[in-house]
Amino acid sequence: MRLSVLDLIPVRRGQTTAQALRASRALVEAADRLGYDRYWVAEHHNAASVASTSPAVELMYLGQNTSRIRLGSGGVMLPNHSPLAVAEQFALLAAAYGDRIDLGIGRAPGTDPVTSAAIRGQLRGGHMVDASGRPTDPVEEFPTNIRDILALLGPEGAEIRLRHGRTYQLRATPVAEHAPELWLLGSSDYSAELAATLGLPYVFAHHFSGRGTHRALDLYRGGFLPSGHAEAPRTFVTVNVSVAETADEAWELSEPHQYLMASLATRGSMDPQPHAGAEARALLTDDLRAVVAPSVATWAVGDVDQVRDALLRTAEDFGVDEIMVHLVAGARETDDADTWPAKLRGLDLLAEALLD
C-alpha cells in the first residue's frame with residue numbers, strides 16, 4: 001500500500017491564515033519523513049474555513065524542508081487560470097524541487113459563480129474571447145487548455161499561429177531540466193473519459209462524494225489510449241480519514257468536518273472549523289448528521305486497525321495500490337494554533353500500520 005496526503009489547509013476558529021500554513025508545513029514535513037508518496041494541496045476560493053487558494057505559491061513554501069515526497073496540486077482549477085500561467089508556475093516549482101512535482105488539474109472552479117467571475121476579471125459584465133472575438137467558456141475550453149499546458153511544458157514549447165501565416169513560440173520556462181507530471185482530477189465521468197483519451201494519469205475524488213467511483217474508473221481504464229505521458233492507466237482514489245487510538249476519539253475528532261460538510265450542503269458556505277468536542281457537537285444537530293450520513297459512510301473512521309482494514313478494502317475494491325488520505329480529524333480548543341496534533345498523530349498511526 002502506498003499512502004499520500006490531500007490537504008485543503010483548513011482554518012479553525014481562532015486560527016489565522018499564517019498559523020494554518022505553519023500547521024500544514026508541519027504535516028508535509030512529517031509525511032516526508034514517514035514515507036508518504038505525495039502531498040497535494042487543493043484550490044478553493046472565498047471560503048472562511050479553507051486557506052488553500054493558490055497551490056503553486058503554497059507548495060513553494062510548504063516544501064522547503066522536504067527531501068523526497070512529491071509535491072502537487074489536487075488540484076489547480078483550470079477555468080480560473082490561463083494555461084500559460086499554470087504552466088509557468090509549475091515549471092518554476094519543478095526548477096526548485098526537481099522531478100517530484102505533480103500538476104493535478106480539475107475542471108470545476110472550486111468556488112461560487114460570483115467569486116469565479118471575479119478571478120477571471122468578469123464581474124463588470126465582460127466575457128473571455130478567443131482570437132476571432134467570439135465569447136469563450138473556460139469549462140468548454142478545458143480539453144484544449146489541457147493540451148496547451150502539455151505543449152507549453154514540453155521541450156519545444158507551444159507554437160502559436162498568428163495572422164498572415166506567422167508563428168510564435170511560447171515556452172513555460174527558458175531551460176527545463178524536469179517537467180511536472182500532469183494528472184487529471186474529477187468526480188464525474190467527464191474527466192475520466194478525457195484522461196483516457198489523452199493518455200494521462202487520473203484521480204477520482206472519492207472523498208468528495210463517495211459515489212460513481214467504480215463507473216469512472218471503469219470508463220478510464222476501458223477507454224485508455226497509451227501516450228507519451230503514460231503507457232497504461234495510472235490511478236488512485238482519495239478517502240476522508242479520521243484515525244485515533246480509540247474509535248470513539250476518532251469519531252469525535254471527525255465531527256468538526258462533518259459539520260462543515262453539512263453546512264456547505266444546507267447553507268452553501270463554510271465558516272471556520274469549530275473545535276472538536278462540545279463546540280462541534282452543539283452545532284452538529286441530528287438533522288445535520290442525517291444530511292451528511294451517506295457521505296460519512298464512505299469515510300474511514302476509527303482506531304488504527306479499523307482504518308487500516310477500511311483502506312485496504314477500499315484499495316482492493318477499486319483496484320488501486322495507492323490511497324490519498326484527506327485527514328479530517330479536527331483540533332481541540334487547547335491545541336496550539338500552529339499545529340494539528342490529531343492529524344500529525346494520524347499520519348504516525350497510518351504509517352506504522354501500512355507503510356514499510
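**View 1. Tyr168 in strand β6 and the surface patch around this residue.** Tyr168 is placed in strand β6, which covers residues 167-170; here helices (H or I, at least four residues) and strands (E, at least two) are DSSP runs, numbered from the N terminus. Together with Ile160 and Leu162, Tyr168 forms a nonpolar patch on the surface, and the accessible area of the three adds up to about 270 Å². Such patches consist of residues with over 30% relative accessible area and no salt bridge, with like charges joined within 9 Å and nonpolar side chains (Val, Leu, Ile, Met, Phe, Trp, Tyr) within 5 Å. A salt bridge is a side-chain nitrogen of Lys or Arg within 4 Å of a carboxyl oxygen of Asp or Glu, and accessible areas come from the Shrake-Rupley method with a 1.4 Å probe, where for residues only the protein chains shown count as cover.

The model is predicted, so that local features need pLDDT of at least 70 and side-chain atom pairs count only at pLDDT 80 or more, while totals for chains, interfaces and linings use all residues. Residues are numbered from 1 along each chain as its sequence is written, and side-chain values use heavy atoms, with hydrogens and water left out.

**View 2. Helix α5 and the elements against which its buried residues pack.** The buried residues of α5 (under 20% relative accessible area, with exposed over 50% and partly exposed in between; 1.4 Å probe, protein chains only) include Phe142, Ile146, Ile149 and Leu153. They pack against α3, β4 (101-106), β5 (158-161), β6, β7 (181-186) and α6 (189-198), where contact means heavy atoms within 4.5 Å.

**View 3. The largest nonpolar core, and another apart from it.** A nonpolar core is a set of buried Ala, Val, Leu, Ile, Met, Phe, Trp, Tyr and Cys residues joined through side-chain atoms within 4.5 Å. The largest one has 73 residues, and those with the most contacts inside it are Tyr36, Leu184, Val241, Leu311 and Leu350. Helix α3 (residues 83-97) gives the most to this core, namely seven residues. Another core, of 27 residues, lies apart from it and has Ala244, Val292, Val296 and Val328 among its members.

**View 4. Ser73 in strand β3.** Ser73 belongs to strand β3 (residues 70-77) and is buried, with a relative accessible area of 0%. Although Ser73 and Trp40 are 33 residues apart in sequence, their C-alpha atoms are 4.8 Å apart in space. Leaving aside neighbours within four places in sequence, the contacts of Ser73 include Trp40, Phe90, Asp102 and Leu185.
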